[in-house]
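Reader: Before I rely on the terms used for this model, I should like to see how each one is justified. Please set the values against the criteria.

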Amino acid sequence: MCICINCMYVNNCVTYQKVMKQHCSSFIKSQAKFNPSQPIISVNIYYYKKSMEIDWDIIECLSFLDSPARWVKL
Ligand code: SF4
């Protein structure tokens, strides 16, 4: 699971927006300006219903600042 959903910077984070674009997400509306420190992205490739799927998650980040359920405000 992506840690960003509980991060204070999720609304304004460049890396989070790039990961969400990989998910083809349409709810990203603004242009992010915050550059996080050393985010680590996990990419999982798997097959689902005979097609290849790719899942992107940010699993570690030095800039993470705990703000539970922050993603609800996106
Ligand atoms: S955890 Fe890091 S990459 Fe994720 S939203 Fe927060 S600052 Fe951005």
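**Terms and their grounds**

Author: This is a predicted model. In the hairpin of β1 and β2, two residues lie between the strands, and Lys-49 takes a positive phi near 50 degrees.

Reader: What makes β1 and β2 a pair of strands?

Author: Pairing requires at least two bridges. Nine bridges join β1 to β2, so the two strands pair, and they run antiparallel. Ile-45, for example, has Ile-54 in β2 as its bridge partner.

Reader: Why are the buried residues of α1 said to be on the same side?

Author: The residues in question are Thr-15, Tyr-16, Val-19 and Met-20. They cover an arc of only 135 degrees around the axis, and therefore they share one side of α1. These buried residues pack against β1 (40–48) and β2 (51–60). β2 itself is hardly covered, with one buried residue among its 10.

Reader: Which residues form the largest nonpolar core, and which element gives the largest share?

Author: The core has 10 residues: Cys-4, Cys-7, Tyr-9, Val-10, Cys-13, Tyr-16, Val-19, Met-20, Ile-58 and Cys-61. Helix α1 (residues 14–22) supplies the largest share, three residues. Within the core, Cys-4 touches Val-10, Cys-13, Tyr-16 and Ile-58, leaving aside residues up to four places away in sequence.

Reader: What classes of residue make up the shell around the ligand?

Author: The shell has 12 nonpolar, two polar and no charged residues. Cys and Pro count as nonpolar, so Cys-4, Cys-7, Cys-13, Pro-36 and Cys-61, which come nearest to the ligand, belong to the nonpolar class.

Definitions and conventions
Residues are numbered from 1 along each chain as its sequence is written. This is a predicted model: local features need pLDDT of at least 70, side-chain atom pairs count only at pLDDT 80 or more; totals for chains, interfaces and linings use all residues. A residue is near a molecule or strand if its C-beta atom, placed from the backbone, lies within 6 Å of it. A nonpolar core is a set of buried Ala, Val, Leu, Ile, Met, Phe, Trp, Tyr and Cys residues joined through C-beta atoms within 7 Å. A residue is buried if 20 or more other C-beta atoms lie within 10 Å of its own, exposed if 12 or fewer, and partly exposed in between; C-beta atoms are placed from the backbone. Helices (H or I, at least four residues) and strands (E, at least two) are DSSP runs, numbered from the N terminus. Two residues are in contact if their C-beta atoms, placed from the backbone, lie within 7 Å. The arc is that of the directions from the helix axis to the C-beta atoms.
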